[in-house]
Every structure is written in structure tokens, then in C-alpha cells.
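Dear colleague,

Please find below the structure that I am handing over to you. A summary of the findings follows it.

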Amino acid sequence: MSKFVFRYFADCEDGQMARLETAESGIPVNIFAEDGTDFDLQDGECCKVELYGIGSQVDVYSTAEAMYAAGSKMTVPSMIPMGTFPPKDAGEPFEESAHILFVGTVLEVDTDPEANENQPNYCLKVETLEMTLQLYLRHEGLIEVGSILHGVAWLFGPVTRA
């Protein structure tokens, strides 16, 4: 479970998105609120999320050093909340989303060798900046405990009182 401070709910396509802040640093992050969410949370309340993510554009590295050698400027761990504010040069109207750009370490690996090409074949427990999530991902290579991931994730889960 990852801990956060609740700010507000916002309508989004297919439901509600929770605007939260990380408990330690106050980094804003949006999470799609799944069934089981306490929708009566109030601004400033502590909350927790059984956090899940769907990975995209994810690169896998055996070590942090391999990631840095490939040119990444992000540190291990790190997280940028892509869906909370528009980029400086956004030419189109910005719509908030539950996406983050992250670098994290794989803590646990579960595979589904029966998954078809349109389904995730990995479920990974990943630790990134101030949060741990179960990341569903389609990847053709080997991912092991200790691997470093760099990519995008769409976050979802039930948001409940801590």
C-alpha cells in the first residue's frame, strides 16, 4: 500500500480520478479511482492506495548503471506526474490523466506465458519514488527481480482512508 494525502476527486472518462499528493514530498499525482474507493474523503485526509499500473513505452535495464549508460537523465527511483499539469509548450488543451513517467526497481516478478500478444505477460511489483505498485506490462525480453524500469504507467486502484 502506498500512502498519500487526498486533495479532490475530478470527473474523467469512465469514472473519477483522485488528485493525491505523496505523503513525504507532497508531489501531486492522479490515480483513477477504482471500486472500493472512499468517495467521501475530504481535502487533507491521509489515504492509502492498493496501487496498480499499466505500463507503456517501458525500457528494461539490468542495472541503474546500464540505464545511465543508455542516456537516461532520471535517477533511481524517480517519478514525474505527467497527468497533473500541462507541459510548457502545450499547443492543445491539456486534459489531466493518471499517467506518470517513472524509474523504478522490480521487487517481484510474476509471468503469464499464456498471454496473447495483446495482453500483459508480466505483473511486476515495482518500487518508484514514494510509491509501490503492481505494474502490468507486455515485454518480450527477460525481467528479473532487481531490474530497473524506465517508462510510462497509467495508475489505478481503490483510494481508501489510511
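**Surroundings of Tyr-136**

Leaving aside residues up to four places away in sequence, Tyr-136 touches Tyr-52, Gly-53, Ile-54, Gly-55, Pro-120, Tyr-122, Cys-123 and Phe-156. Please bear in mind that this is a predicted model. Tyr-136 belongs to strand β9, which covers residues 131-137. Its relative accessible area is 30%, and Tyr-136 is therefore classed as partly exposed, a class that lies between the buried limit of under 20% and the exposed limit of over 50%. Pro-86 is 50 residues away from Tyr-136 in sequence, and the C-alpha atoms of these two residues are 26 Å apart in space.

**Strands β7, β8 and β9**

Two of the residues that Tyr-136 touches, Tyr-122 and Cys-123, bring us to strand β8, which spans residues 122-128. Of the 7 residues of β8, 5 are buried, so this strand is largely enclosed by the rest of the structure. Strand β8 pairs with strand β7 (residues 99-111) in the antiparallel sense, over 6 bridges. Within that pairing, Thr-111 has Tyr-122 as its bridge partner in β8. Strand β8 is also joined to β9 by 7 bridges, and these two strands run antiparallel. Here Tyr-122 stands opposite Leu-137 of β9. Strands β8 and β9 form a hairpin with 2 residues between them, in which Glu-130 takes a positive phi near 60°.

**Strands β1, β2 and β4**

At the start of the numbering of strands, β1 (residues 2-12) and β2 (residues 15-22) run antiparallel and are joined by 8 bridges. Asp-11 has Gln-16 as its bridge partner in β2. These two strands form a hairpin with 2 residues between them, and Asp-14 in the turn has a positive phi of about 75°. Strand β1 also pairs with strand β4 (residues 46-49), in the antiparallel sense and over 4 bridges. In that pairing, the bridge partner of Val-5 in β4 is Cys-46.

**The loop before β4**

Gly-36 is found in the loop between β3 (28-33) and β4. The relative accessibility of Gly-36 is 53%, so Gly-36 counts as exposed, the limit being over 50%. Not counting residues up to four places away in sequence, Gly-36 touches Pro-158, Val-159 and Thr-160. Met-131 lies 95 residues from Gly-36 along the chain, and their C-alpha atoms are separated by 19 Å.

**The protein as a whole**

The protein contains 1 helix and 11 strands. Their order along the sequence is β-β-β-β-β-α-β-β-β-β-β-β. The radius of gyration is 16 Å, close to the 15 Å that the globule rule gives for 162 residues, so the protein is as compact as a globular protein of that length. The C-alpha trace spans about 40 × 40 × 30 Å along its principal axes.

Buried residues account for 42% of the 162 residues. Among contacts between residues at least 6 apart in sequence, 63% join residues at least 24 apart. The exposed area of the protein is about 8800 Å², and carbon and sulfur atoms supply 49% of this area. As for charge, there are 9 positive and 27 negative side chains, and the centres of the two sets lie 8 Å apart.

With kind regards

Notes
Residues numbered from 1 in each chain as written. Predicted model: local features only at pLDDT ≥ 70, side-chain atom pairs only at ≥ 80, totals over all residues. Heavy atoms only, no water. Rg over C-alpha atoms; globule rule 2.2 N^0.38 Å. Buried < 20%, exposed > 50% of the residue type's maximum accessible area, 1.4 Å probe, protein only. Contact = heavy atoms within 4.5 Å. Areas by Shrake-Rupley, 256 points an atom, 1.4 Å probe, with all protein chains shown as cover. Lys, Arg positive; Asp, Glu negative; His and termini not counted. Charge placed at Lys NZ, Arg CZ, Asp CG, Glu CD. Pairing = 2+ DSSP bridges.
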